[in-house]
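Please open the structure in your viewer and display the backbone as a cartoon. The tour below proceeds from one selection to the next and says what is found at each.

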Amino acid sequence: MRTTSRHHSFIASTALLLFGTILHQIHAFVPSLRPSHSVYRLYAIQNDDEEQRYQAALAHNKIRTDVKNFLTQRAIQSFIFLLVQCRDPHTVRWLENTYEFRNMESYHGTGAFNLTKWKTWDSILDDMLHQPKDCVIVQAKRRGRGHGGWSANNPYLEERFVEFRIDIDPVSLASRILSVREQIAREWREDLVTLRTANDQILDSYYDMGRAAREDESSSLQEETNVEQLVTPGVDEKQRRVFDRNAMLMLTSTMIFKAFASSPQRQGNFDLLYLLLTQESLHRVLREYRKSGDEREVSYEWLKEFYLSRVSSFFDGHQDYGRADDFLEELLMAPPSTKELSSSRIGFIDPLRIAEDIITMRSVVAEEWQTEIASVPEDHMGLRKKLLSKQMGSSLVEQETKSSLEDEDGVFQ
Ligand SMILES: *[C@@H]1O[C@H](CO)[C@@H](O)[C@H](O)[C@H]1NC(C)=O
């Protein structure tokens with residue numbers, strides 16, 4: 001339910017962001033058609049309104065694809081995964097109840113948190129510093145029917161329970177999550193290099209495979225007798241790739257040669273980082289097209305539609321692995337076409353050129369993110385200071401109550 005409504009709000013705001021231009025262009029025509037002053041003013045106001053909404057959607061999208069927000073999400077998810085591995089379901093439940101998470105240890109997607117509530121990377125962690133200590137009482141069956149060698153049908157045996165008290169200290173949770181976040185950040189700095197290398201190979205691989213396919217075709221035309229043999233049974237046409245998918249392969253080979261173990265969800269993180277990188281690059285390319293005006297208007301309109309009709313199946317919510325490559329592949333397989341614009345001009349759309357723009361942008365964004373991620377330990381300093389003073393503060397309070405108790409006992413008299 002939550003995921004669905006999040007989708008809708010995201011799609012709505014993306015739509016808003018993108019459709020802003022069309023309205024803008026229609027409005028631009030109005031004054032010349034109808035030079036009435038009042039009409040002009042009306043539209044002028046709507047234009048302002050539209051611009052405001054565009055800015056709001058833009059701000060939302062920036063939070064949505066912010067790499068530091070996403071890093072916090074993955075740190076919390078990895079932490080929950082570790083808690084599950086260590087059989088501590090109670091802390092997991094506390095986290096889920098306090099922050100309305102569901103199935104966090106297995107969710108494979110970006111934008112998991114409510115971004116209206118948690119706007120910056122440190123929002124949730126900062127909130128944890130202000131949460132009171134909690135404890136959960138757990139009842140476990142110790143002796144009774146079906147336990148300790150007693151038959152499940154023995155009616156004479158009383159059920160006995162033991163109670164455990166499990167303390168939950170949100171401040172200490174925040175501190176542990178920060179450590180996980182730092183480890184993932186270190187990994188991402190390497191992973192972004194890997195992603196850039198893989199990204200730079202895509203176009204070459206695409207051209208090579210295209211050339212190979214054309215050579216296949218022409219040789220099959222020359223040797224008509226061999227045509228039947230060329231249709232290899234078992235090779236599904238749909239499974240034919242248009243470029244080699246090297247990113248995950250490269251990551252795996254770097255992981256094999258590492259002396260230190262990776263964080264528990266490294267491959268999942270990598271796959272999603274690639275997806276978010278693609279989405280951010282798409283947004284930027286769209287913004288650039290929009291800014292270029294007439295020159296890139298057709299590409300803008302076409303890509304916007306292409307993206308909007310795929311945003312929920314490729315980018316939002318729980319996803320399969322490899323969706324970034326899937327998206328690019330669909331784009332590369334789209335045939336060139338023409339499109340009539342609102343101004344009744346005909347424009348030519350070249351999906352290959354658009355894919356090239358996105359691939360180039362991905363390298364730019366990956367480089368930017370490397371620099372951003374490098375400052376993570378520095379980012380944590382403020383929060384760690386607060387955390388420490390919280391922990392010191394509570395231990396001081398404990399010491400004070402202790403010494404006053406000792407005083408009552410007459411130790412210092
Ligand atoms: C997200 O948080 C905002 C503000 O707290 C709230 O109004 C909204 O209903 C939440 N959205 C979802 C999908 O939970």
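In which loop is E100 found? Select E100 in this predicted model: the residue lies in the loop between α4 and α5 (123-129). Its phi is near 55 degrees, a positive value in a residue other than glycine. Most residues other than glycine have a negative phi. E100 has 11 C-beta neighbours inside 10 Å and therefore counts as exposed.

Next, select R87, which is found in the loop between α3 and α4 (89-99). Phi of R87 is likewise positive, near 55 degrees, and R87 is not a glycine. With 7 C-beta neighbours inside 10 Å, R87 counts as exposed.

**The whole chain**

Now display the entire protein. Its secondary structure consists of 14 helices and four strands. Of its 413 residues, 27% count as buried. Consider next the contacts between residues with a separation of 6 or more: 77% of them join residues 24 or more positions apart.

**F70 in helix α3**

Select helix α3 (residues 67-85), and within it F70. Is F70 buried or exposed? The residue has 25 other C-beta atoms within 10 Å, and because a residue with 20 or more is counted as buried, F70 is buried. Leaving aside residues up to four places away in sequence, F70 touches T110 and L276. Add G111 to the selection: G111 is 41 residues from F70 along the chain, yet their C-alpha atoms are separated by 7.0 Å.

**The largest nonpolar core**

In soluble globular proteins, nonpolar side chains tend to be buried together. The largest nonpolar core here has 63 residues, and I177 and Y274 touch the most other members. Helix α6 (residues 170-222) supplies the largest share of this core, 13 residues. Select I177 and look for its partners: not counting residues up to four places away in sequence, I177 touches A75, I76, F79 and L125.

**Helices α9 and α12**

Two packed helices are described by the angle between their axes and the distance between the axes. Select helix α9 (residues 266-292) together with helix α12 (residues 323-333); their axes come within 8 Å and cross at roughly 40 degrees. The crossing therefore makes α9 oblique to α12. Where they meet, Y274, L275 and T278 are the residues from α9, and R323, A324 and F327 are those from α12. The residues of this contact comprise four nonpolar, one polar and one charged. Y274 has already appeared on this tour, as one of the two residues that touch the most other members of the largest core.

Keep α12 selected and colour its buried residues: R323, A324, D325, F327, L328 and L331. Which helices do the buried residues of α12 pack against? They pack against α9, α10, α11 (311-315) and α13 (351-374).

**Helix α10**

The last selection is helix α10 (residues 297-308), which has 12 residues. At 1.5 Å a residue, α10 should span 16 Å, and its end C-alpha atoms are 16 Å apart, so the two values agree. Colour E297, V298, S299, Y300, E301, W302, L303, K304 and Y307, which are the buried residues of α10. Nine of the 12 residues are buried, so α10 is largely enclosed by the rest of the structure.

Technical notes
Residues are numbered from 1 along each chain as its sequence is written. This is a predicted model: local features need pLDDT of at least 70, side-chain atom pairs count only at pLDDT 80 or more; totals for chains, interfaces and linings use all residues. Axes are lines fitted to C-alpha atoms, for helices over the stretch in contact, and angles run from 0 to 180 degrees between N-to-C directions. Helices (H or I, at least four residues) and strands (E, at least two) are DSSP runs, numbered from the N terminus. Angles under 35 degrees count as roughly parallel, over 145 as roughly antiparallel, 65 to 115 as roughly perpendicular and the rest as oblique. Two residues are in contact if their C-beta atoms, placed from the backbone, lie within 7 Å. Ala, Val, Leu, Ile, Met, Phe, Trp, Tyr, Cys and Pro count as nonpolar, Asp, Glu, Lys and Arg as charged, and the others, Gly among them, as polar. A nonpolar core is a set of buried Ala, Val, Leu, Ile, Met, Phe, Trp, Tyr and Cys residues joined through C-beta atoms within 7 Å. The expected span of a helix is 1.5 Å times one less than its number of residues.
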